[in-house]
Amino acid sequence: MAAEQQQFFLKWKDFHSNMVSSFRHLRDEKSFTDVTLACEGQTCNAHRMVLSACSPYFKSLLEENPSKHPIIILKDVPFSHLQSILEFMYAGEVNVSQEQLPAFLKTADRLQVKGLAEPSQNILSGKIG
């Protein structure tokens, strides 16, 4: 009878903070971007993996479009909202002014952004400055 092998649990303590930092860096450097989002005549590059992980809307859209580098035109989406939504997707947090919050959340809901389009108890908010 073979002796049972002892198993070791290995964990990277800074995994989550490292991933967030890495995602931000990849976005800032535009490294490996594979999708372009366009609205109001302006564009942003992003990663389909991040978009798909953060939004069933984008996941479905990207699964239906096997293009190597699709361009997605977002109708009725303010460019400032798109920038803030991408910041939220890549960092898990974003600052939005009180006056912009209702419209921003409506845009996030239309794009099915996880953490923003879900019930409000998932959103932590607070005043800044």
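Two strands pair if DSSP finds at least two bridges between them. Helices (H or I, at least four residues) and strands (E, at least two) are DSSP runs, numbered from the N terminus. The structure is a predicted model, in which local features need pLDDT of at least 70, side-chain atom pairs count only at pLDDT 80 or more, and totals for chains, interfaces and linings use all residues. Residues are numbered from 1 along each chain as its sequence is written, and side-chain values use heavy atoms, with hydrogens and water left out.

**View 1. The protein chain contains five helices and three strands.** Read from the N terminus, its elements follow the order α-β-β-α-α-β-α-α. The protein chain has 129 residues, of which 29% count as buried (under 20% relative accessible area with a 1.4 Å probe, protein chains only; exposed is over 50%, and partly exposed lies in between). Among the contacts (heavy atoms within 4.5 Å) with a separation of 6 or more, 55% are made by residues 24 or more positions apart.

**View 2. An open sheet is formed by three strands in the order 2-1-3.** The pairing in this sheet is mixed. Strand 2 and strand 3 are the edge strands, each of them pairing on one side only. From one strand to the next, the twist averages 25° (angles run from 0 to 180 degrees between N-to-C directions, and axes are lines fitted to C-alpha atoms, for helices over the stretch in contact). Helix 4 packs on the sheet and touches strand 1 and strand 2. The direction of helix 4 makes about 10° with that of strand 2.

**View 3. Strand 1, residues 35–39, is largely enclosed by the rest of the structure, because five of its five residues are buried.** Cover is found on both faces of the strand. On one side V35, L37 and C39 are buried, and on the other side T36 and A38 are buried as well.

**View 4. Strand 1 and strand 2 form a hairpin with two residues between them.** Strand 2 comprises residues 42–46 and runs antiparallel to strand 1, to which it is joined by five bridges. A38 of strand 1 stands opposite T43 in strand 2. T36 has N45 as its bridge partner in strand 2. In the turn, E40 has a positive phi of about 50°.

**View 5. Strand 1 and strand 3 run parallel.** Strand 3 comprises residues 71–73, and three bridges join it to strand 1. The bridge partner of T36 in strand 3 is I71. T36 thus appears in two pairings, with I71 in strand 3 and with N45 in strand 2.

**View 6. Helix 1 and helix 4 pack with their axes 8 Å apart.** Helix 1 spans residues 15–29, and helix 4 spans residues 79–91. The angle at which these two helices pack is about 140°. On the side of helix 1, the residues in contact are V20, F23, R24 and R27. In helix 4 they meet Q83, L86, E87, Y90 and A91.

**View 7. H81 is a buried residue within helix 4.** The relative accessible area of H81 is 5%. When residues up to four places away in sequence are not counted, H81 touches Q100, A103, F104 and T107.
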